[in-house]
Amino acid sequence: MPRRDDIRKILLLGSGPIVIGQASEFDYSGTQACKALREEGYEVVLVNSNPATIMTDPETADRTYIEPLTPELVEKVIASERPEAILPTMGGQTALNIAVALAKNGVLERYGVELIGAKLPAIEKAEDRKLFNEAMEKIGVKVCPSGTASTLEEAKAVAKKIGTYPLIIRPAFTLGGTGGGIAYNEEEFAEMAQFGIDASPVSQILIDQSLLGWKEYELEVMRDLADNVVIICSIENLDPMGIHTGDSITVAPAQTLTDKEYQRLRDMAIKIIREIGVETGGSNIQFAINPINGDVVIIEMNPRVSRSSALASKATGFPIAKMAAKLAVGYTLDEINNDITKKTPASFEPTIDYVVTKIPRFAFEKFPGAEAVLTTQMKSVGEAMAIGRTFNESFQKALRSLETGRAGWGCDMKEKLPSGEQIRAHLRTPNPERIFALRHAMLLGMALEEIYELTGIDPWFLDKMQELLEVEKFLKRTPLQQLTQEQMFEVKRQGFSDRQIAYATKTTEEEVRTYRKQLGVIPVYKTVDTCAAEFEAFTPYHYSTYEEETEVAHTTKPKVMILGGGPNRIGQGIEFDYCCCHAAFALKDALYETIMVNSNPETVSTDYDTSDRLYFEPLTREDVLNIIEAENPVGVIVQFGGQTPLKLSV
């Protein structure tokens with residue numbers, strides 16, 4: 001299908017200020033959408049209130065309104081600009097809720113504005129818990145026993161009907177699980193139910209029977225007007241159900257699904273996106289699987305670009321927001337070219353030959369009164385992503401990307417082990433440090449079966465962590481100078497940093513680096529190309545690993561490296577990403593080749609077309625020096641990424 005010529009001007013809604021549950025991923029998606037629509041010749045009008053974004057730069061949209069994101073003010077912009085269409089799926093829950101309000105109060109009809117990307121019935125069917133459950137029942141997809149309520153009395157009646165605690169409370173039309181939680185008894189339930197009803201803009205909550213301990217998976221799905229559907233990426237939550245996916249460690253592609261189970265989820269996802277009626281663009285669909293008998297239930301569906309969409313985009317190299325914007329104006333998936341290969345269409349599902357791990361960053365230390373317990377309401381303030389050839393490699397790289405002082409999964413400082421009972425308490429209750437409690441449990445000799453019973457974390461992941469402990473024990477009994485080249489390669493392939501090796505061998509990081517290079521053990525850089533090297537990649541988007549062949553092409557142009565800010569946190573956020581992007585743009589204009597180094601999947605700086613080369617790597621001394629040695633830049637810019645690169649430069 002050709003692009004729509006009956007549309008000339010499109011209004012795009014941003015997501016407003018950064019809040020927990022809705023962060024810089026929507027600057028990334030909104031910026032991509034603006035660029036894609038203007039590339040097609042459309043006039044783009046943007047409404048957003050966040051001054052720290054690339055999206056609100058004057059050159060991103062044709063016209064930008066820095067205004068509060070309320071239906072009343074957006075109506076004034078519509079009256080002034082008279083767009084033919086509004087695209088609400090790039091601005092998170094905020095934009096979606098405003099679009100629903102404008103459609104319901106007749107503003108869109110009054111001014112002749114069409115909702116594109118997702119129509120009102122599709123948004124309501126996905127977001128209204130009652131309508132969603134009815135739709136799933138119609139197509140034979142199981143939902144867990146549940147009910148909706150708009151008053152406390154109705155909520156109590158639903159709880160009585162379900163019959164057992166704990167119960168999950170999820171408000172309709174909210175972001176990041178705001179207002180939700182897990183109630184373990186009647187008293188907690190009454191308090192949480194009322195809070196959830198108050199938090200929902202439509203005063204509605206869904207009350208679910210608890211699926212605590214079930215495995216959680218997500219699929220990123222895209223559909224076009226010709227009813228073509230592609231699965232962009234599968235994502236597995238390391239933590240089981242009961243923790244918001246934004247607070248869970250996630251891995252792509254899914255590691256513990258059999259092919260048959262994956263195909264079952266894939267078939268369900270295609271049925272779901274068709275039944276909900278998302279005509280064009282991306283959706284995030286979340287499933288729970290009972291580890292005992294394999295039963296599958298649908299948790300929810302986001303009929304818009306989400307935090308997971310940004311992660312899936314960076315994990316695969318497939319620009320979901322850009323493709324979704326083009327689909328919204330009439331293109332079909334087979335008509336859109338993949339920018340990375342320049343040969344395959346968007347209907348060619350991404351294939352990846354590496355493992356991606358995302359780990360959330362928390363800031364409970366900034367809120368002394370907050371309880372450091374993870375539930376269905378999101379509490380993380382940022383996240384880091386890492387890529388490796390194996391889970392172990394990407395897992396350790398992701399941990400050191402968090403910039404919390406850890407060099408990986410332990411083996412980096414003296415540890416005083418808690419008692420067995422303390423460890424069991426840490427394992428039983430999800431918390432930000434539980435990943436290290438797993439290590440303590442294994443060091444104490446706790447059986448993996450008991451750890452699984454306490455945490456619900458799949459035994460496959462526990463086995464992989466046990467492998468890391470075995471490598472650590474080997475390092476602690478082997479002097480550094482006795483490590484052979486083959487052994488050093490194997491240690492590095494397990495994700496161990498030089499700092500960890502130094503701690504285990506009682507040497508220094510510099511001694512490890514020198515000896516490692518003497519052995520000829522240096523990282524190579526592979527390419528994120530959407531197709532597992534089946535086609536040539538034209539966008540240099542790299543990650544390190546320890547193999548034989550590097551995929552970095554050498555050029556003669558002078559290069560400048562820009563160090564990003566790493567994961568968002570309180571005091572260091574999206575504003576530094578803005579600075580890094582503008583540094584890349586300015587250097588490109590000055591005819592330098594730009595190299596971006598960052599570990600944050602939510603940002604514009606880690607988009608494949610922001611700089612000439614992108615390295616998705618931890619911002620540590622070792623990792624940055626490795627890239628400098630591979631690229632030999634004429635300079636490194638450290639002042640735009642906040643405190644992170646400044647500390648590295650000292």
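Asparagine 632, which comes after helix 21, has a positive phi, near 50 degrees. Helices here are DSSP runs of H or I with at least four residues, and strands are runs of E with at least two, both numbered from the N terminus. The model is predicted, so local features need pLDDT of at least 70 and side-chain atom pairs count only at pLDDT 80 or more, while totals for chains, interfaces and linings use all residues. Residues are numbered from 1 along each chain as its sequence is written, and side-chain values use heavy atoms, with hydrogens and water left out.

Helix 21 itself covers residues 621-631. Its buried residues (under 20% relative accessible area with a 1.4 Å probe, protein chains only) are Glu622, Asp623, Val624, Asn626, Ile627 and Glu631.

An open sheet of 6 strands has the order 17-18-21-20-19-22, with mixed pairing. Two strands count as paired if DSSP finds at least two bridges between them. Strand 17 (524-527) and strand 22 (635-637) are the edges, each pairing on one side only. On average, neighbouring strands of this sheet are turned by 30 degrees against each other, direction ignored. Strands 18 (residues 541-545) and 21 (residues 613-616) run parallel and are joined by 2 bridges. Tyrosine 541 has leucine 614 in strand 21 as its bridge partner.

Tyr541 also appears among the contacts of isoleucine 387, where contact means heavy atoms within 4.5 Å and neighbours within four places in sequence are left aside. Other residues in contact with isoleucine 387 include Tyr354, Val528, Tyr543 and Phe616.

A nonpolar core is a set of buried Ala, Val, Leu, Ile, Met, Phe, Trp, Tyr and Cys residues joined through side-chain atoms within 4.5 Å. The largest one has 58 residues, and Ile10, Leu37, Met222 and Ile387 have the most contacts inside it. Helix 11 (residues 320-328) gives the most to this core, with 7 residues. Another core, of 48 residues, lies apart from it and includes Leu238, Ala384, Ile501 and Val521.

Some values for the chain follow.

| Item | Value |
|---|---|
| Secondary structure | 22 helices and 22 strands |
| Box filled by C-alpha atoms, along the principal axes | roughly 75 × 65 × 45 Å |
| Buried residues | 61% of the 650 residues |
| Exposed area | about 24300 Å² |

Carbon and sulfur atoms supply 52% of the exposed area. Of the contacts between residues at least 6 apart in sequence, 71% join residues at least 24 apart. The radius of gyration of the chain is 24 Å, which agrees with the value near 26 Å for a compact globule of 650 residues; the radius is taken over C-alpha atoms, and the globule rule is 2.2 Å times the number of residues to the power 0.38.

Notes:
Buried < 20%, exposed > 50% of the residue type's maximum accessible area, 1.4 Å probe, protein only. Axes fitted to C-alpha atoms, helices over the stretch in contact; angles between N-to-C directions. Areas by Shrake-Rupley, 256 points an atom, 1.4 Å probe, with all protein chains shown as cover.
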